[in-house]
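This report goes through one structure element by element. The sequence and the coordinates are shown first, and the text follows.

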Amino acid sequence: MRVFVDRDLCYGSAECAHRAPAVFDFVDGYGVVRPGRERTPADDPDVLEAAERCPSQAIAVTRAPAPDHP
């Protein structure tokens, strides 16, 4: 799946970085996807939970399988 953080919506709660630190980081007061982690396995529960619980709903997740991960 592909993961994206919309900085226009993000207000910097850092929930994503706490829930899935391998994928998300907190930079300049905003949540961001770590470089190279835009594509994650489709069954990654931490990423899905981070997206579901983002208070500003700034995380977009597409369920299409990532080519790097069967």
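Asp28 sits in the loop between strand 2 and strand 3 (30-33). The model is a predicted one. With a relative accessible area of 67%, Asp28 is exposed, because the cut-off for that class is over 50%. Its phi is near 55°, a positive value in a residue other than glycine. Most residues other than glycine have a negative phi. Ala14 also has a positive phi, near 70°, and is likewise not a glycine. Ala14 belongs to the loop between strand 1 and helix 1. At 13% relative accessibility, Ala14 counts as buried, because that value falls under 20%.

Arg7 is found in the loop between strand 1 and helix 1. Arg7 is partly exposed, with a relative accessible area of 40%. Leaving out residues up to four places away in sequence, Arg7 touches Val27, Asp28, Tyr30 and Val32. The C-alpha atoms of Arg7 and Ala60 are separated by 11 Å, and the two residues are 53 residues apart along the chain.

The loop between helix 2 and strand 4 holds Ala58. Ala58 is buried, with a relative accessible area of 3%. Its contacts, not counting residues up to four places away in sequence, are Phe4, Val5, Asp6, Leu9 and Cys10. Of these, Asp6 is 52 residues apart from Ala58 in sequence, yet the C-alpha atoms of the pair are 5.0 Å apart in space. Between Asp28 and Ala58, 30 residues apart along the chain, the C-alpha separation is 16 Å.

Ser56 is in the loop between helix 2 and strand 4 as well. Ser56 counts as buried, at 15% relative accessibility. Beyond residues up to four places away in sequence, Ser56 touches Leu9, Cys10 and Tyr11.

The loop residues described so far are set out below.

| Residue | Loop | Relative accessible area |
|---|---|---|
| Asp28 | between strand 2 and strand 3 | 67%, exposed |
| Arg7 | between strand 1 and helix 1 | 40%, partly exposed |
| Ser56 | between helix 2 and strand 4 | 15%, buried |
| Ala14 | between strand 1 and helix 1 | 13%, buried |
| Ala58 | between helix 2 and strand 4 | 3%, buried |

Ser56 also takes part in the lining of a cavity. The structure holds 1 cavity of 30 Å³ or more. The volume of the largest cavity is about 80 Å³. Its lining consists of 14 residues, and Cys10, Ser13, Cys16, Cys54 and Ser56 lie nearest its centre. Cys10 appears again here: it is one of the residues touched by Ser56, and Ala58 touches Cys10 too.

Next comes helix 2. In helix 2 (residues 45-53), the buried residues are Val47, Leu48, Ala50 and Ala51. These residues lie on the same side of helix 2, because they cover an arc of only 160° around the axis. Pro45 and Glu52, on the other side of helix 2, are exposed. The cover over the buried residues of helix 2 includes strand 1 (2-5), helix 1 (15-19), strand 2 (24-27) and strand 4 (59-62). At the N-terminal end, helix 2 is capped by Asp44, which has a side-chain oxygen 3.0 Å from the backbone nitrogen of Asp46.

Which residues have the most contacts inside the largest nonpolar core? They are Val3, Val5, Phe24, Val33, Val47 and Ile59, in a core of 16 residues. Strand 1 and helix 2 are the elements that give two or more residues to this core. Helix 2 supplies the largest share, 4 residues. Val3, one of the residues with the most contacts inside the core, touches Phe24, Val33, Glu38, Thr40, Val47, Ile59 and Ala60, not counting residues up to four places away in sequence. That list includes Val47, which is also one of the buried residues of helix 2.

Note on methods
Residues numbered from 1 in each chain as written. Heavy atoms only, no water. Buried < 20%, exposed > 50% of the residue type's maximum accessible area, 1.4 Å probe, protein only. Arc of directions from axis to C-beta. Contact = heavy atoms within 4.5 Å. Polar contact = N/O pair within 3.5 Å; in protein donor to acceptor, adjacent residues only side chain to side chain. Core = buried A, V, L, I, M, F, W, Y, C linked by side-chain atoms within 4.5 Å. 1 Å grid on protein atoms, 1.4 Å probe; cavity = no way out; pocket = protein on both sides within 12 Å on 5 of 7 lines; lining within 4 Å. Points joined across faces, edges and corners; volume = space filled by probe spheres on them.
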